[in-house]
Amino acid sequence: MVYDLLFAKDKNLVVLIDPDKITNDIITALSDSKLNSKLNAIFIGGSLVMSDTGEIAKQIKDATGLPLILFPGNLSQINKHVDALLFLSLISGRNPEFLIGQHVTAAPIIKNLNLETIPTGYMLFDCGSINSVRYMSATMPLPNNKPDLAIATAIAGEMLGLKALYLEAGSGASTPVSLEIIKAIRSNVSIPIIVGGGIKTKEQMEQIYDAGANLIVIGTAFENTNQIP
Ligand code: 1GP
């Protein structure tokens, strides 16, 4: 199961590839075995994607032996070249389209492709600016300084049977989800916690792992440098 590989270690790491930002340098970097040895998997997807996600997924798959997991902004990104997908429920929001609407349309397609689904509660936090997820999902993010709201949302997600929580600051956020929020959620749920958005340095990564994250997602910092911080 890809799910087990994703959370196999104490400190797990993936890079997120936005199909619209793929370059030859990124493909070359992803094919490097030294870099691959630091990653559990690769995520592919974005809030709004213009490119053919399946075509880019195939290129990445051919370049690396790592599991490839779709992190879909919407169901148009579903394709047969990934090994699994985060079946996201945007539980910080109140837009039924991203709580169940897209899922109903996507479910038969995913079943036909025989893709593993990883049911994930997606929690968007307000980290200072209107990011793409907030705009595209037309939802209000959780405050980054009100642990009670985050805890209640996370507990509800766990009670609904979700298998992981993704705490999202938004791609390119100036600051990641606060350590206070990560710690508060960690003390209240036992399912794995994924943290992404705005993580740029090794020091931030260590602090986020220490706060209780099981998996860190690095997108922009990898795209900009073709290296892991
Ligand atoms: C975005 O959490 C991911 O959905 C990664 O964010 O691009 O800021 O690393 P960054």
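Q: How far does a backbone N or O atom of Gly198 lie from an oxygen atom of the ligand?
A: In this predicted model, the distance from a backbone N or O atom of Gly198 to a ligand oxygen atom is 2.7 Å. A pair like this is read as a polar contact because its N or O atoms are within 3.5 Å.

Q: How much of the ligand does the protein bury?
A: Taken alone, the ligand exposes 300 Å², and 96% of that is buried by the protein.

Q: Which residues are closest to the ligand?
A: The ligand is surrounded by 13 residues, and the closest are Glu168, Ser171, Gly172, Gly198 and Thr220. Glu168 brings a polar side-chain atom to 2.4 Å from an oxygen atom of the ligand. Gly197 also takes part through its backbone, with a polar atom 3.0 Å from a ligand oxygen atom.

Q: How do I read a salt bridge, and how many are there by this rule?
A: Look for a side-chain nitrogen of Lys or Arg within 4 Å of a carboxyl oxygen of Asp or Glu. By this rule the count is five. Let's start with Glu206 and Lys11, whose closest N and O atoms are 2.8 Å apart. This pair links distant parts of the chain, 195 residues apart. Glu206 sits in helix 9 (residues 202-211), while Lys11 sits in the loop between helix 1 (2-6) and strand 1 (12-17).

Q: Which residues are linked with Glu206 in a network of salt bridges?
A: Lys11 and Lys202 are linked with Glu206 in that network. You can check the surroundings of two members too: Glu206 is partly exposed at 26% relative accessibility, and Lys11 is partly exposed at 40%.

Q: Is Asp18 buried or exposed?
A: The cut-off helps here: buried means under 20% relative accessible area. Asp18 has 15% relative accessibility, so it counts as buried. Its salt-bridge partner is Lys21, at 3.9 Å from N to O. Lys21 is partly exposed, with a relative accessible area of 44%.

Q: What parts does the pair of Asp83 and Lys61 tie together?
A: First find the pair itself: the closest N and O atoms of the Asp83 and Lys61 salt bridge are 2.7 Å apart. Asp83 lies in the loop between strand 3 (68-70) and strand 4 (84-89) and Lys61 lies in helix 4, so the bridge ties together parts 22 residues apart in sequence. Asp83 is partly exposed at 29% relative accessibility, and Lys61 is partly exposed at 27%.

Q: Which residues does Lys61 touch, not counting residues up to four places away in sequence?
A: With that exclusion, Lys61 touches Leu66, Pro67, Leu68, His81 and Asp83. You can also compare sequence with space: Lys61 and Ser31 are 30 residues apart along the chain, and their C-alpha atoms are 9.5 Å apart.

Q: Which residues form a nonpolar patch on the surface?
A: Select Leu48, Met50, Ile130, Tyr135 and Met136. Together these residues have about 610 Å² of accessible area. Leu48 is in the loop between strand 2 (41-44) and helix 4 (53-63). With a relative accessible area of 45%, Leu48 is partly exposed. That fits the patch rule, because members need over 30% relative accessible area.

Q: What is the phi of Asn114, which is not a glycine?
A: Phi is a backbone angle, and here we look at its sign. Asn114 has a positive phi of about 60°. Asn114 is in the loop between helix 5 (96-113) and strand 5 (116-126), and its relative accessible area of 70% makes it exposed. Now turn to Asn226, a residue other than glycine whose phi is positive and near 60°. Asn226 lies in the segment after helix 10 (220-225) and is partly exposed, with a relative accessible area of 22%.

Q: Where is Asn214 found?
A: Asn214 is in the loop between helix 9 and strand 9 (215-218). A polar atom of its side chain is 2.8 Å from the backbone nitrogen of Ile193. Leaving out residues up to four places away in sequence, the residues that Asn214 touches include Phe7, Asp10, Lys11, Arg186, Pro192 and Tyr209. Lys11 is familiar by now, as the salt-bridge partner of Glu206.

Note on methods
Residues numbered from 1 in each chain as written. Predicted model: local features only at pLDDT ≥ 70, side-chain atom pairs only at ≥ 80, totals over all residues. Heavy atoms only, no water. Patch = residues over 30% accessible without salt bridge, like charges linked within 9 Å, V, L, I, M, F, W, Y side chains within 5 Å. Areas by Shrake-Rupley, 256 points an atom, 1.4 Å probe, with all protein chains shown as cover. Helix = DSSP H or I, 4+ residues; strand = E, 2+ residues; numbered from the N terminus. Buried < 20%, exposed > 50% of the residue type's maximum accessible area, 1.4 Å probe, protein only. Near = heavy atom within 4 Å. Polar contact = N/O pair within 3.5 Å; in protein donor to acceptor, adjacent residues only side chain to side chain. Contact = heavy atoms within 4.5 Å.
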